[in-house]
Amino acid sequence: MLDTQKITLTVENMSCASCVGRVDRALAEVPGVINVAVNLATEEATVHVRRDGPSAETLALQATEAGYPAKVLQGRDADDQANRQSAQADALGKRTWIAALLTLPVFVLEMGGHMIPEFHHFIARTLGTTQSWWIQALLTTGILLGPGRMFYVAGVSALRKGAPDMNSLVAVGTSAAYGYSLCVLLAPELLPAAAQVVYFEAAAVIITFILLGRWLEARAKGKTGAAIRSLLKLQPKTAQVLRGGVAQTVAVDEIVPGDIILLRPGERVPVDAVVTEGASHIDESMITGEPMPVEKSLGDPVTAGTINGPGSLRLDAKRVGADTVLAGIIRMVQDAQGAKLPIQALVDRVTLWFVPAVLGLAALTVMIWLAFGPEPVVSHALVAGVAVLIIACPCAMGLATPTSIMVATGRAAELGVLFRKGDALQALADVDLIAFDKTGTLTKGEPVLTDFSALGDFDRAHALALVAAVEARVEHPVAGAIVEAAHVDVAHVPEARDVTALSGLGARGAVDGHMVLVGSDRLMQEKGIDLGDALGQGHALAAQGKTVFFAAIDGKPAALIAVSDQIKPNAADVVAKLREQGRRVAMITGDKHETAEAVAARIGIDEVVAGVMPQGKTAALETFRSAGIKVAFVGDGINDAPALARADVGIAIGSGTDIAIGAADVVLMSGDLRGVSTALSVSQAAMRNIRQNLFWAFAYNTALIPVAAGVLYASLGLLLSPQLAAGAMALSSLFVLSNALRLRGLKRGIA
């Protein structure tokens with residue numbers, strides 16, 4: 001396995017899918033780079049490199065030399081990202097207002113007369129046409145050199161490098177309109193009389209509309225990261241800590257493991273800790289998605305960011321800073337948001353040639369109009385060529401996928417579902433079958449005594465006390481269930497002596513002068529104990545999915561005992577919901593066939609693989625996969641880790657082991673199985689949203705580029721103005737962002 005590290009860069013000047021593709025290719029060319037994911041929505045590049053590969057500074061320089069200034073991002077603080085996006089939005093807002101104020105008189109002077117003939121006569125009498133054009137020229141020059149300068153600096157640089165982008169399209173289009181207008185103003189004799197028309201307002205309005213679109217886009221981008229920022233705000237800034245026996249208010253960053261924290265009612269837990277004194281109820285909904293507060297008392301763990309209820313607690317700090325569960329959640333969501341889904345490959349392939357193709361189409365449009373267009377041919381050619389350049393800017397293509405990923409994974413985290421790997425968002429939507437482990441996943445993993453029937457002349461309470469005495473000396477979950485029940489039903493459980501565990505069969509021991517034997521029907525048969533009718537009763541209980549065994553006292557059958565691992569309350573509802581979502585459901589478990597079949601029947605699962613070891617679970621998954629079935633596996637234990645890693649998508653129950661969680665692609669922060677349906681719903685909704693965005697981005701360009709080129713002119717006399725093209729282009733990006741933001745409304749278990 002390769003020893004790798006992750007480097008994150010902030011990248012400036014990215015404005016469209018073409019920019020993303022060029023940054024991606026520039027970084028991927030560096031020796032030692034394993035993979036690259038460039039995100040237009042966050043304006044970041046995540047690069048995985050070999051441990052002995054290029055430095056972060058080398059990668060930043062490579063992106064900068066490609067025309068996209070980059071810096072190494074330290075810490076990936078969600079607030080830093082929010083502040084950066086806010087500053088960009090503010091800067092764009094100022095540029096937009098300046099451009100709008102300068103554009104308004106240009107637009108009024110040129111277009112006012114077309115809309116109100118009297119205004120045209122007024123301008124002609126007071127200013128004259130030439131003076132009006134000079135005013136427009138000066139104001140438009142101010143717009144291009146001021147608020148619009150960013151497009152020319154980036155666009156011309158990209159053209160020089162032979163890698164034109166959206167800025168290049170804007171720069172070429174507006175320069176053409178502006179240059180043509182200057183020619184009309186300064187050297188009108190070079191053009192026929194019919195073509196002596198200025199387009200200063202076109203250049204000005206295009207710059208203003210695109211700046212407006214960028215500004216609204218930047219503000220919408222900020223909303224896509226709202227979930228991360230809300231998670232970050234869960235951690236308080238200060239806490240009450242005992243230092244030298246005195247309570248002091250200290251910054252949370254200064255807390256170290258072992259500190260004693262005083263938590264008052266209503267306060268947020270500052271770090272991951274364990275309760276050492278007091279009792280209260282903790283609201284963990286912001287971490288697990290569970291609405292009901294959880295009771296906490298001595299020895300119970302508490303998680304940073306959760307809210308204390310009415311009681312006061314004293315806590316022993318265990319995990320602080322970047323090691324807390326909350327910090328881990330934020331890292332997982334950020335990593336998932338920066339991922340590149342397989343569907344993005346389509347966009348990458350298209351954007352390799354898209355902008356150069358648009359430049360070619362614009363040039364071809366101009367040539368066709370010059371060759372075959374009506375008078376004024378030059379003006380028509382210019383309008384059509386500029387409209388093609390502006391309408392085709394691929395901003396929406398670059399935003400289509402990353403914005404949906406950001407909003408969906410952020411919302412999923414708020415619902416208690418963590419996508420540890422971004423590509424799981426797409427993979428989960430494609431699965432055909434969801435396979436569950438049984439114990440601890442579909443069931444609670446905590447056996448309880450369901451049946452204890454005295455046999456013969458034995459008294460139930462006396463028999464239970466003697467059996468519990470032996471079981472109290474045996475380390476086994478089933479034994480614990482019997483002992484726990486005895487402490488509730490029996491006044492006193494005596495001490496057992498000479499207890500011997502009989503491997504795979506049961507146990508025996510001496511209690512108050514009685515020899516007690518507890519175990520399976522096979523053990524009873526080996527010891528010559530006739531169970532009689534109790535054996536048939538035991539088989540009936542086993543058929544219900546219960547673990548059945550017997551007790552004998554002094555060689556006589558004394559009790560029929562059944563223990564059951566209780567099915568989680570909502571397991572059957574979740575299975576039914578998954579089927580409604582079009583998925584097959586299976587169970588893969590190490591438990592014996594009879595128990596597994598009984599549990600599956602009660603839950604509504606009809607595909608069962610039972611009696612398998614951990615390697616058998618992976619073999620069962622491979623059997624499904626070899627038949628072309630894409631499988632998600634849901635588990636919680638150490639023995640589930642291989643299957644979680646082997647499945648197309650591994651879903652770990654958050655209440656399970658760290659090893660299982662580490663092997664999974666998706667983590668459910670609570671043990672609630674509804675999280676499986678929620679994860680699937682989020683995945684389906686996100687992929688549907690991405691497809692809608694991509695369809696809009698591609699269909700929009702496919703439909704409007706010909707319109708901008710003038711295909712409707714011959715039949716309808718319509719020629720798309722560059723100003724409308726700029727507005728439509730901005731609207732395309734805003735549609736994609738608005739559509740992605742709809743995912744913030746996702747509810748638990750609903751797509």
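**Exercise 1.** In what order do the six strands of the open sheet that includes β16 and β17 lie, and how do they pair?

*Solution.* Welcome to this predicted model! Start by tracing the sheet: the order is β16-β21-β20-β19-β18-β17, and the pairing is antiparallel. Next, look at the two ends, where β16 (443-454) and β17 (496-502) are the edge strands, each pairing on one side only. Then follow the twist, which averages 20° from one strand to the next.

**Exercise 2.** Find how β20 and β21 are joined, and which helix packs on their sheet.

*Solution.* Begin with β20 (residues 547-553) and β21 (residues 556-567): seven bridges link them in the antiparallel sense. For one such link, go to A552, whose bridge partner in β21 is P557. Now add the helix: α21 (residues 533-542) packs on the sheet and touches β16, β20 and β21. The direction of α21 makes about 155° with that of β20.

**Exercise 3.** Work out the strand order of the open sheet that contains β8 and β11.

*Solution.* Six strands, paired antiparallel, run in the order β6-β5-β7-β13-β8-β11. Its edge strands, β6 (246-251) and β11 (301-302), each pair on one side only. Strand β8 (residues 272-278) is joined to the antiparallel β11 by two bridges. Zoom in on A273, and you will find its bridge partner V302 in β11.

**Exercise 4.** Step back and describe the whole protein: how many helices and strands are there, and what share of residues is buried?

*Solution.* Count the elements: 29 helices and 26 strands. Then turn to burial, where 53% of the 751 residues count as buried. Finally, consider the surface: the protein exposes about 31900 Å², with carbon and sulfur atoms supplying 58% of it.

Technical notes
Residues are numbered from 1 along each chain as its sequence is written. This is a predicted model: local features need pLDDT of at least 70, side-chain atom pairs count only at pLDDT 80 or more; totals for chains, interfaces and linings use all residues. Side-chain values use heavy atoms; hydrogens and water are left out. Two strands pair if DSSP finds at least two bridges between them. Helices (H or I, at least four residues) and strands (E, at least two) are DSSP runs, numbered from the N terminus. Buried means under 20% relative accessible area, exposed over 50%, partly exposed in between (1.4 Å probe, protein chains only). Accessible areas come from the Shrake-Rupley method with a 1.4 Å probe; for residues, only the protein chains shown count as cover. Axes are lines fitted to C-alpha atoms, for helices over the stretch in contact, and angles run from 0 to 180 degrees between N-to-C directions. Contact means heavy atoms within 4.5 Å.
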